[in-house]
Amino acid sequence: MSGGMIGVSYVTTLLFSIFLALGMTSLLYWVDDRAVTPFIVAHRTSIVRVAGLVYLGVLYALQALQYRVDPQMHVFGLHWAFLNLMLISLYVIAVRTGDWVTIIIQELCCAAYLWRYAQPLSAQVLIAYVIWVSVLCSLIVIRHTMQQRRLWDYLGMFALGITGVIGIYVSRPRVFDPWWWVREIMAYLVLGLFVQEYIRLTVAADARTAKLQRVAAYDEMTATAVFARGQTDIATMFDQAQAHHQQLVVAAIDVDHFSAFNQRYGYLAGNIVLLAIVDNLQAVLQKAAINARLYRVGGDEFTLGFLGATAEQAATIVAACLKRVATTNFPVQGGVAHLTLSAGLTITQQEDPSIGTAFARADDNLRNSKQKGGNQSAGSGVKNTGAAPVLTYFAQPIMLIDEAQPWGAELLLRQQDGDHWHLPPRFDIQVEQQIKMIARTLAKSRLTRVTINLTPAQFADTSIANALAGFANAAYGPDALIVEITTVPDLATTRRITAIYRSANIRVFIDDVGSDNSYELVQKVLPYIDGVKFAMQNLRKHEPLARIHERVLFWVDTAKKARIDFILEGVEDQADVDFASRLGIHYCQGYYFGKPALPDALVS
């Protein structure tokens with residue numbers, strides 16, 4: 001044949017081989033990785049195996065046909081085109097799927113092929129076959145390394161091709177033709193290059209697409225199904241902990257100043273960063289090797305549940321999470337950004353009616369962390385560092401207007417800042433500190449009857465209720481103690497907690513009725529509370545005085561029907577006192593009788 005005809009035959013056959021190899025590779029990759037049809041997913045391995053075996057069987061048949069009808073390989077490009085296709089396909093199956101069954105069947109088929117066509121079946125042929133089998137098996141063993149390192153990938157493919165070609169070459173006596181070897185090796189390398197780079201580009205494109213889809217769908221993926229599953233999972237953990245008297249630590253986590261980050265860099269960048277934060281948190285949890293689960297609550301908020309861990313263990317892991325995120329450089333718009341987390345931890349208690357009660361305590365502690373500047377934890381198991389703020393109770397008189405004398409005072413928490421006192425950033429102080437401050441207030445003044453305010457989480461905490469009950473019954477306790485709450489708890493919590501307070505003669509009042517707390521909210525707990533408090537100052541800016549008086553009258557009647565006490569707050573002048581007297585209100589509080597002041601300035 002002329003050189004031109006050889007070139008045409010060689011190139012044509014090579015292009016056909018490339019087309020066939022890429023088609024088969026695409027099919028195998030689609031079935032093994034991309035297909036989501038239930039039938040294919042359920043039978044993925046079997047489909048890949050059958051398709052691979054059928055394809056390789058066809059190549060064996062074509063190779064045998066080439067031996068018989070075209071011994072000089074004129075038609076088939078003057079090289080072993082079908083052998084190259086078979087070797088490349090075996091390499092793809094071995095390295096990309098790791099299917100031992102297909103590989104072993106192919107090794108047996110190759111042995112039968114040599115038994116049928118080798119002339120003679122010499123020791124040289126057997127040695128070449130054993131070497132080829134060893135290379136093929138080695139590729140499966142180290143296939144993960146091959147996928148990650150391009151040089152190793154090409155060397156492995158070249159080793160399998162050379163040993164395979166040599167094995168077939170020595171199966172029959174031939175006159176050595178160096179130009180044939182050049183054509184054969186070149187054809188194999190070109191075919192392998194196309195297949196390898198096609199796979200590499202396909203995998204990279206799929207990875208980029210998956211990353212973009214994950215980022216773009218982050219809110220949708222996590223805000224609905226994942227949120228619901230997370231709520232169910234952690235509720236199940238709570239039930240398990242309660243049933244087996246195990247300890248469950250709940251940590252509420254929030255990204256500091258994330259709204260500002262979104263405004264500056266955009267929501268897509270925000271989603272990318274949130275995914276990176278999740279990866280960082282998961283890495284810390286995996287390293288800790290502890291029974292912990294991470295859930296996204298919504299937005300930039302997360303929840304961690306630690307089942308069977310101590311509060312100190314959980315706090316240590318949460319601190320590691322905060323440190324890892326704080327030291328991570330998050331790529332944004334050609335630069336990097338730094339973010340921090342805040343966390344609040346709490347331990348579930350046997351008296352908790354649901355996981356929601358623990359969530360409320362964790363959220364209170366999270367709020368405390370944020371108010372102190374963020375990038376820190378607060379709550380159960382967290383060691384407090386630094387100087388504690390100076391806190392005390394101010395007192396505001398509550399008057400018995402029938403007798404024109406003080407009944408007692410409401411104690412209001414204040415924090416010192418130099419020579420000034422202001423509202424503290426947090427109100428959920430430890431009950432031990434709270435009791436000490438009440439006792440100190442009683443000792444500094446001649447107050448014997450006081451009211452205190454509790455956060456929703458504090459009110460729902462059985463240990464706090466028991467501690468206050470013990471204090472109320474102590475010799476140094478007050479003659480009368482009222483607990484005020486501004487958020488109406490659920491009925492189960494109200495019944496459980498008020499029973500403890502009632503046993504110690506501690507009374508429970510709902511504050512801000514008629515403004516923040518409607519009748520519909522308060523009605524269900526009326527049989528379990530001892531009084532309500534109406535704050536006129538909450539309405540003065542928005543309601544006319546006549547409308548305020550109508551609301552006061554409604555709640556006075558409601559209190560009388562429920563046989564509970566009523567305190568009118570926000571009394572600012574004699575007209576308010578006269579109004580209260582006409583309605584038969586006995587207890588009043590407001591600036592008319594005195595503003596909140598240090599307790600040593602009050603005389604009971």
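This report walks through a predicted model of one chain, from its overall make-up to a helix pair and two individual residues.

## The chain as a whole

Let's start with the broad picture. The chain has 604 residues, and 48% of them count as buried. Its secondary structure comes to 21 helices and 16 strands. Looking at contacts between residues at least 6 apart in sequence, 70% link residues that are at least 24 apart.

## Annotated transmembrane regions

An unreviewed UniProt entry carries the annotation "transmembrane region" for residues 6-31, 47-67, 73-93, 124-142 and 154-172. One of these spans can be set beside the model itself: residues 124-142 are 95% helix and 0% strand, with 27 Å between the C-alpha atoms at the two ends.

## Trp 152

A short walk along the chain brings us to Trp 152, which sits in helix H8, a helix made up of residues 150-169. With a relative accessible area of 38%, Trp 152 is partly exposed, because that value falls between the 20% limit for buried and the 50% limit for exposed.

Once residues up to four places away in sequence are set aside, Trp 152 touches Thr 145 and Met 146. The C-alpha atom of Trp 152 is also 9.9 Å from that of Ile 142, a residue 10 places away along the chain.

## Helices H15 and H17

Further on, helix H15 (residues 431-444) pairs up with helix H17 (residues 462-473): their axes come within 10 Å and cross at roughly 25°. That angle is under 35 degrees, so H15 counts as roughly parallel to H17. The crossing of H15 past H17 is right-handed.

It is worth having the side chains on screen for this one. From H15, the contact draws on Val 431, Ile 435, Ile 438, Ala 439 and Leu 442, while H17 brings Ile 464, Ala 467, Leu 468 and Phe 471. By class, the residues of this H15–H17 contact are nine nonpolar, no polar and no charged.

## Gln 434

Helix H15 also holds Gln 434. Is this residue buried or exposed? Gln 434 has a relative accessible area of 2%, so it is buried, the limit being under 20%.

What does Gln 434 contact, leaving aside its neighbours within four places in sequence? The partners are Tyr 393, Ile 429, Ile 452, Asn 453, Leu 454 and Gln 458.

Key:
Residues are numbered from 1 along each chain as its sequence is written. This is a predicted model: local features need pLDDT of at least 70, side-chain atom pairs count only at pLDDT 80 or more; totals for chains, interfaces and linings use all residues. Side-chain values use heavy atoms; hydrogens and water are left out. Axes are lines fitted to C-alpha atoms, for helices over the stretch in contact, and angles run from 0 to 180 degrees between N-to-C directions. Helices (H or I, at least four residues) and strands (E, at least two) are DSSP runs, numbered from the N terminus. Angles under 35 degrees count as roughly parallel, over 145 as roughly antiparallel, 65 to 115 as roughly perpendicular and the rest as oblique. A crossing is left-handed if the near helix is turned anticlockwise from the far one by less than a right angle, and right-handed if clockwise. Contact means heavy atoms within 4.5 Å. Ala, Val, Leu, Ile, Met, Phe, Trp, Tyr, Cys and Pro count as nonpolar, Asp, Glu, Lys and Arg as charged, and the others, Gly among them, as polar. UniProt positions are given in the numbering used here, feature names are shortened, and annotations may be inferred rather than shown by experiment. Buried means under 20% relative accessible area, exposed over 50%, partly exposed in between (1.4 Å probe, protein chains only).
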